[in-house]
Each structure stands twice: as C-alpha cells, then as structure tokens.
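Colleague: Could you walk me through this one before I go back to the bench?
Modeller: Gladly, here it is.

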Amino acid sequence: MENLVEKKEVRDYKDIERSIQKKFHRCIWSKFVAGINEYNLVEPNDKIAVCISGGKDSMLMAKLFQELKRHNKFPFELVFLVMDPGYTEANRRKIEDNARLLNVPLTVFESDIFESVFNIQKSPCYICARMRRGYLYSHAKELGCNKIALGHHYDDVIETVLMGMLYGGQVQTMMPKLHSTNFEGMELIRPMYMIREDDIKHWRDYNGLEFLQCACKFTQEHHTIKATGDSASKRLEIKHLISEMAKINPQVEQNIFKSVENVNLSTIIAYKDKQGEKHHFLDEY
C-alpha cells in the first residue's frame, strides 16, 4: 500500500493514458486484462455499455476499455453510458467536464431515481442501487448493447463476502459476471474485479484528477449516513475491519478473496442450489 502519493497538476488525456500504459501497467492495466481473460468478460461482437457514475472507479474503467479497444484483438463496441438520476447542476457538470478532460464520449440519459428514493427510510442506498441498475439495463438494451459494465473492484468483492457472513448470515460473493433475470439476453460484467482500490486512488492522485465522491441527494441533504443499519455504514465498518486485520496478517485480503473459490461442499452444513433448493449434509450422511 502506498501511503505517500505523488500529487500532480491535472494532465492531458494523452499523458493520463500513458500513465496507464507505463506507471500503472502492472497494478492496473495487467489486472484489468487478467480479470477479462479469467472470467471471459468480453467476447467477439459484444456491444458493452460502460456505466459511468462520475466516480474514480467508473472513470478509470472507461479509460481501460478505450485502451482495450485500441488493442482490438477482435471486434466489439463500446457505449459510455451515464444515467443522470437527479444530479445537481454542479455534479452533472463535473461528470461532463471530467469526461472531456479524459476524452471519453458520453451518452447521457435522465431519470428521477434520487427523487423517488429520497423519502424512503429503510435501506435507501440499496433500493437506489437496484433501481439504477434496472434503468441502466433498460437503456443499454435500447441502444443495442448485450452487456453493462460496472466499476466494482477487488476491495468491493472482499467487503461483500464479509458483509454477507457478518450481517446476512450467508456465504456469497460479488460475481464477476451475471445473466440478467429481468432483461433477456443482457449480462452484467465487472472488469475491475482484480484491481485494488488503493491503486485506483494512486492513479487518480498521480494525474491530479478529482471525481465525484457520492452525488446522492440523500447523503448531500443529511451530510453523513448515520449508523442505522444502512448498507453504506455497514460497508464502512467492514472496510475498517479488513484494514485492521491486514495489519496483523497481510494475507487476510487475499484469503477472503480466495475463500469463495475454494468452497468444499463436504464441509458445509447446508447450501442452496441454482433453483434455490436447500441441501443439508444429513441428507446423505
């Protein structure tokens, strides 16, 4: 982990692209390609909606996809898709300005999701995320896309594993790709799956870039999300827990990631199959 980060003046997009190719080749570009190859995320003739929220993760993902397209080992298409769920004028402008700076051509559409979830008391972040994904699937499909790409990274994955165990009482992970259950023929892919968040932050700061943190109307109005059981506060707790554990055992993060690849069903009390049917170890004991 790099504690001291070089803070630079904002660079030209060509310099930013070179930083991905050179300085961040090993920790970002190589891991991006490794994730795509490991999980077969991009295939010939795909049309992928690269979903951009305005944060550091999705903006970096857009640049990585542009770099992948330049290599062009097989034909595929990209649409850099932004849904405006009710951003303030300043936040909308920030996204558009960053896109121009990074030379990312945006396709923008509007929705009223922020207004819809603003007065929801229980799990507004979860409901907002679900609604946003539905709108993205729908609009991407209208544009002829067969996949949407989201900017979740390695740290999101391991945090999700622990959140499921400690708060949900289940073993699950954030999958690298999923078939949509509501939009036939559509898939969700997570090409940043193997990239560490600290490396994304280092890339951002090295290039002097500033992105949206959270443009949500709820958090802006309430300033902070109080620890009321909301998923956002739980994720912060888990992030802190993993950080503290890693101080004692540097392998903790890697072990959490690998744990859901090394599940031994003979040592599991019970599990559910794809149809949701529960199987207990006593069934065949």
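**Strands and a surface patch**

Modeller: Six of the eight residues in strand β2 (residues 77–84) are buried, so the rest of the structure largely encloses this strand; buried means under 20% relative accessible area, exposed over 50%, and partly exposed in between, with a 1.4 Å probe and protein chains only. This is a predicted model, in which local features need pLDDT of at least 70, side-chain atom pairs count only at pLDDT 80 or more, and totals for chains, interfaces and linings use all residues. Residues are numbered from 1 along each chain as its sequence is written, and side-chain values use heavy atoms, leaving out hydrogens and water.

Colleague: Which strand pairs with β2 in the parallel sense over five bridges, and has residues 106–110?
Modeller: That is β3, where T107 is the bridge partner of L81; strands pair if DSSP finds at least two bridges between them. The chain passes from β2 through helix α4 (residues 89–102) to β3 in a right-handed β-α-β crossover, meaning that, with the strands pointing away from the viewer, the path from the first strand over the helix to the second runs clockwise.

Colleague: And what stands opposite F80 of β2?
Modeller: V50 does. Strand β1 (residues 47–51) also pairs with β2 in the parallel sense, over five bridges.

Colleague: Changing topic, where is L241, and is L241 buried or partly exposed?
Modeller: L241 lies in helix α10 and is partly exposed, with a relative accessible area of 32%. Helices (H or I, at least four residues) and strands (E, at least two) are DSSP runs, numbered from the N terminus.
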